[in-house]
Amino acid sequence: MDQADLIVRPAPGCGAYVEGLDVLNATDAQIDALRDTVFQRGVAFLHGPVLAPEEQIAFARRIAPIVVNRYFPKAERYPEIAKVEKTEAQVTNIGGGWHTDHSYDAAPAMGSVLLAVETPPSGGDTLFADMYAAYDALSDGLKATLATLKAHHASAHVFGEGSAYAHTDRAELSGHKEIPDAIHPVVITHPGSGRKALYVNPAFTTGIVGWTRDESMALLGYLYAHAVKPEFVVRYSWRPGSMAIWDNRCTWHSAMNDYQGHRRLMHRITLDGVPLDA
Ligand code: SIN
């Protein structure tokens, strides 16, 4: 598939590899084609130079307005850039479980632009799962049930006082006071593609509105296992200069933590989104 001189090769499971884009000199038509690829395929993988912070910020702004993440450490002098870093001495990584960014916000982040600055000698890949494909593969009967449901999403149990990170060597990520939560449809209509996508995730979805916890966990447990079937998942290996631009409304991602004793540094910019409708 060629659009605006970009070569777009669908990746197996989820996403697309994009070639032929000079991110510092991209035309408006190329940025539009890139955004459309992200909307349709969920994630675009590209490779180029390690961008300086101001270059990555300028590039991200051409895709969508930036929203500053509340919880992650920031790159020095660049609050737009969240530092997703694990040092040689740290054991716990950031984002090491299936999730989608900012689903706890009333208007969840549209996307994220993640740049590999420093990568370990091996490992540190990221998995992405396609929530369009996961939804499409459900039976009509379950789709009809899900169409009537909304779910609670929260951040307190991950980033608040005494949260999941609190008793790890990443305690700096916990203890936050401003800990939003939100309610979204379980199945959304993607505002950019018009396609239906499953919109619950293991990290931030805490229950189905009006259901007991046991009932919620039974349904969500089924959906979570279904959504990461190998046919919906791609595994991306990074090297310095690799970049992934993903859509948080139609994908999940999970960072592998298999490079103990080595440093990994990524610069993440989060792109602003809109409230989601069924
Ligand atoms: C994230 O969850 O945003 C970070 C993913 C990664 O570091 O691969």
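Here are some notes on this predicted model, going through it element by element.

1. Let's start with helix α2, which spans residues 53–63. Its buried residues are P53, Q56, I57, F59, A60 and I63. They sit on the same side of α2, because the arc they cover around the axis is only 165 degrees. The general background is handy here: an α-helix has 3.6 residues a turn, so residues three or four places apart point the same way.

2. What lies over that buried side? The cover includes helix α1 (28–41) along with several strands. Among those strands are β5 (66–67), β7 (78–86) and β8 (111–118). Further along the chain, β16 (242–247) and β18 (264–271) also take part.

3. R35 is worth a look next, as it is found in helix α1. Leaving aside residues up to four places away in sequence, R35 touches R62 and I63. With I63 there is a polar pairing: a polar atom of the R35 side chain lies 2.9 Å from the backbone oxygen of I63. I63 is also one of the buried residues of α2. The R35 side chain makes a polar contact with the side chain of D32 as well, at 3.0 Å. If you want a long-range reference, R35 and A255 are 220 residues apart in sequence and 23 Å apart in space, C-alpha to C-alpha.

4. Now the ligand. Which residues surround it? The set is V84, G95, H99, D101, L114, T126, W246, H253, A255, R264 and R268. Three side chains come with polar distances to an oxygen atom of the ligand. For T126, a polar side-chain atom lies 2.5 Å away from a ligand oxygen. For R264, an N or O atom of the side chain is 2.8 Å from a ligand oxygen. For H99, the corresponding distance is 2.9 Å.

5. One open sheet has 3 strands in the order β15-β9-β17, and the pairing is antiparallel. Why do β15 (233–236) and β17 (251–255) each have one side without a neighbour in the sheet? They stand at the edges with a single partner strand each, so that side is left free of a neighbour. From one strand to the next, the twist averages 20 degrees. Strand β9 (residues 126–130) pairs with β17 in the antiparallel sense over 5 bridges. To get your bearings in that pairing, D130 has T251 in β17 as its bridge partner. T126, from the ligand surroundings, falls within the β9 range, while H253 and A255, also around the ligand, fall within β17.

6. Another open sheet is also built from 3 strands, in the order β11-β10-β14 with antiparallel pairing. Here β11 (181–185) and β14 (205–208) are the edge strands, each pairing on one side only. The twist in this sheet averages 25 degrees from one strand to the next. Strand β10 (residues 150–154) is joined to β11 by 5 bridges, and the two run antiparallel. H153 stands opposite A182 in β11.

7. Towards the start of the chain there is a hairpin made by β2 and β3, with 5 residues between them. In the turn, G13 has a positive phi of about 90 degrees. The strands, β2 at residues 6–10 and β3 at residues 16–19, run antiparallel and are joined by 4 bridges. P10 has A16 in β3 as its bridge partner.

8. N69 sits in the loop between β5 and β6 (74–75). Is N69 buried or exposed? Its relative accessibility is 5%, and buried means under 20%, so N69 counts as buried. A polar atom of its side chain lies 2.7 Å from the backbone nitrogen of Y71. Residues up to four places away aside, N69 touches K74, H102, Y104, R268 and T270. R268 is also among the residues that surround the ligand.

9. Finally, two backbone angles to check. H102, a contact of N69, lies in the loop between β7 and β8 and has a positive phi of about 65 degrees although it is not a glycine. At 3% relative accessibility, H102 counts as buried. R77 is not a glycine either, yet has a positive phi of about 70 degrees. R77 is found in the loop between β6 and β7, and with a relative accessible area of 69% it is exposed.

Methods
Residues are numbered from 1 along each chain as its sequence is written. This is a predicted model: local features need pLDDT of at least 70, side-chain atom pairs count only at pLDDT 80 or more; totals for chains, interfaces and linings use all residues. Side-chain values use heavy atoms; hydrogens and water are left out. Buried means under 20% relative accessible area, exposed over 50%, partly exposed in between (1.4 Å probe, protein chains only). The arc is that of the directions from the helix axis to the C-beta atoms. Contact means heavy atoms within 4.5 Å. Two strands pair if DSSP finds at least two bridges between them. Axes are lines fitted to C-alpha atoms, for helices over the stretch in contact, and angles run from 0 to 180 degrees between N-to-C directions. A residue is near a molecule or strand if one of its heavy atoms lies within 4 Å of it. A polar contact is a pair of N or O atoms within 3.5 Å; within protein, one must be able to donate a hydrogen and the other to accept it, and residues adjacent in sequence count only if both atoms are side-chain atoms.
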